[in-house]
Amino acid sequence: MDYKWQERPLENPEVVEQLRAQLNDLPVPLARALVLRGIDTFDKAKQYFRPTLADLHDPFLMTDMRKAVDRLVEAIRGRQTVMVYGDYDVDGTTATALVTMFLRRRGVDVSYFVPDRIEHGYGLSTAGIDAASERGASLIVALDCGITAFEEAAYARSLGVDLIICDHHTVKDEIPEAVAVLDPKRPDCNYPYDELSGCGIGFKLVQATSAALGEPDGAIHEFLGLVAVSTASDIVPMTGENRVLMREGLRVLTSEPSSGFRALARRAAVDISTCTTSQILFALGPRINAAGRLGDAGRAVDLMLAEDDLDADRLAAVLEATNDRRRTIDRETVDEAVSAVEKLFAEETLNSIVLHDAQWHPGVIGIVASRLVDQFVRPTILLTTVNGLAKGSARSIDGVNIYSAIRSCEDLVEEFGGHDYAAGLSIRVENIPEFRRRFDRAITELATDESFIPSIEYDSLLRLEQIDRRFWAILSQFAPYGPSNLNPVFRASGLRVVGRPRNVGRESDHLSFTVKQDGSRAIEVIGFGLGDRLDLVTESRENGLPLEMLFNVQMRTWNGTTRMQLKAKDVRQAQT
C-alpha cells in the first residue's frame, strides 16, 4: 500500500528554538517532537521527562467519589459481602483483579463476576446481579461498564443490592441511578483528566478508599502493574495521568511482577524485567483477551490473582492454548471478510464497511474489524448472530468518530456504547440493510476525501549523523508510548543501501537491510510488514539509487549485545 507522507504541522514554529535554548541546545528534531506533543516550556518538559506519583490528581475531585468511598469503607469495616463485576477484555479483567485483590487484602468477603461474551453480552446483566444476590452481596462494584445500564441499575435496587459504577465510556444524556457513578466523562464531573482506562478509574477508587482508611501512600502501589497492562492494552491517550500511571506501572511490573504476570510473560517469550508498552500491547494483552474472546474471562482474572507459581503457570498455559486457537479462527475470519468486502466494493462505492455473518465467532470480530480498517481504510462494523440478535464490533479511521455515526442511527440499534474509534453494538438482523445505508451516509458526512487516503505523519527531518548517545538518552525518555504520545517518526533522505537486503520472519514478510547517509556510520534497518519492498531496496543498492525513509529510532538487544536500529515505517525511492 502506498502512503501519503505528512509532516505534522506546528502552530508556532518559533517555539522550537525557544525550547532548544531552555533545554541546553536540544537537537532540533527532538525539540520539534516535544512541541508537537504540547511540551513547549522548560517546566512542561521537566514534568514530561520526570512524571511521578505526586503528579496524580486528588481522586476526590471526581464527581460521586466521596459517595463511592463512604459506601466501600462501610462494606470493608462492616465485613459485608461484595461482588466485583468487570468486563471481559483486558481493561475489565485487570480492573476486576485490582479491586478484588484490594478488598481481599482488607478482609472483605469478595467474589467477582465477569460476563460470558455470548451468554450475557457486554456490560451489566440481570444474570450477574442475580449472582450477586444469590451470594449474599449487599454491594456490586461495576468496572469498565455500567454507564448505560439504566434497567440493570433499577433491577439491582429492586433486589436491595447497592451499586457503584466505575466506567470511562461516553456518557449519554442521563446516568443510571446508583449509589455512585464514577466517570470523568460525565458532563457534571470536573475531574482534571477524563482519559483514564476503566482499570484507571478502579485505581482511583481504591486510592481514595485507601486514603479514607488512613493507610500510607504506598499501600496500593502494588496494583500499578495491573493499571499499566490496562492502560497499554485499552489504547487510551498516553498523556497526563495515564503517562504517570503507565511509567510507574511499568516500574512495578518489571521489578516486582506478580506470579501471574511472570508466568504469562514466560509463555509469551517476553523478558518481564524489560517489558515495554509495545510488548504489553502485542504479547501480554492478546493472551489475556483470548480468555474472554473464546471462553471464560475469569481464567484471566484468576491468573492475575494467583499467588502460587505453579497455579499461575497452569493458568498461563490455558491462556496460551486459547490464544493459539484464537489466532486460527482470526485468520479464517479475515479471509472470509476480505472476500466479502471485495465483492461489496465491486458492486457499489461505499465509505464504510458493514458485514454480517451469523457463523462468525463473536470473540474475534473486533480484531478482524481492525484488520479490515488497516487494509481498506474504511470505518468498519462486523456483526455476528448471538441468540437471535446481531452483535458486533466497530472500528474507525483517524478523524472519524464512529460512536457519533452509530448514534445517528440509534433508532435502529438495540444497544451501543464505546469511544470515538471503537464501539460495540447490537441490532436486529432485519434492520441491518437500513442501518448499513444510514451508517454509510453518516460516515460520508463526518469524513473528508482525505480521510480515506492512508497516510503516515512524521515529526521531523533527521540526519543519521545526529543519532548519537545524547540523542538516544533524550529520546528514550519520551516513553512510555501510546496514543497522543506516539514513538516519534523521523524522515531521512539520501540514504544509500549497504550490504545485502533480505526478507526475514516466519513468512518472509519483514525486511532487513543497512543504510548510510553521506559520511554517517552504517545503521541496521528492520521493516516489519515491508517484505514486499525487497525488490525496491535491492534495486537501490545495485543501481546506486538513493532512498528516503520514515522510521523510529530504537535499541535492539540480541545475544547480550545492544545496538542502534531504525524501525522503518515506509521506504521509497528518493523524490527528485
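Okay, let me start with a cysteine: C199 is buried, at 0% relative accessibility. Keep in mind that what we're looking at is a predicted model. So where are the disulfides? There are zero of them in this structure. C199 is in no disulfide, and the nearest cysteine sulfur belongs to C166, 11 Å away. For a disulfide we'd want the two sulfurs within 2.5 Å. C409 is another buried cysteine, also listed at 0% relative accessibility.

On to the rings. How many aromatic pairs does the structure hold? Ten. The one I'd like to show you is Y48 with F478, which is edge-to-face, with 5.7 Å centre to centre and 85° between the planes. Y48 comes from helix α3, residues 42–49, while F478 comes from the loop between α18 (469–475) and β14 (490–504), so this pair ties together parts that are 430 residues apart in sequence.

Buried or exposed, these two? Y48 counts as buried at 7% relative accessibility, and F478 is buried too, with a relative accessible area of 0%. There's also a third ring to look at here: F49 joins Y48 and F478 in one aromatic cluster.

Stay on Y48 for a second, and look at the face of its ring. What lies over it? That's R243, at 3.8 Å from the ring centre.

Now go to W5, where there's another arginine to look at. The charged end of R572 sits over the W5 ring, 3.6 Å from its centre.

So, to recap: zero disulfides, ten aromatic pairs, and Y48 paired edge-to-face with F478, with R243 over the face of Y48. That's my bit, thanks.

Terms used. Residues are numbered from 1 along each chain as its sequence is written. This is a predicted model: local features need pLDDT of at least 70, side-chain atom pairs count only at pLDDT 80 or more; totals for chains, interfaces and linings use all residues. Side-chain values use heavy atoms; hydrogens and water are left out. Rings of Phe, Tyr and Trp (its six-membered ring) pair if their centres lie within 6.5 Å; planes under 30 degrees apart count as stacked, over 60 as edge-to-face and the rest as tilted. Helices (H or I, at least four residues) and strands (E, at least two) are DSSP runs, numbered from the N terminus. Buried means under 20% relative accessible area, exposed over 50%, partly exposed in between (1.4 Å probe, protein chains only). A charge sits over a ring if NZ of Lys or CZ of Arg is within 6 Å of the ring centre and within 35 degrees of the ring normal.
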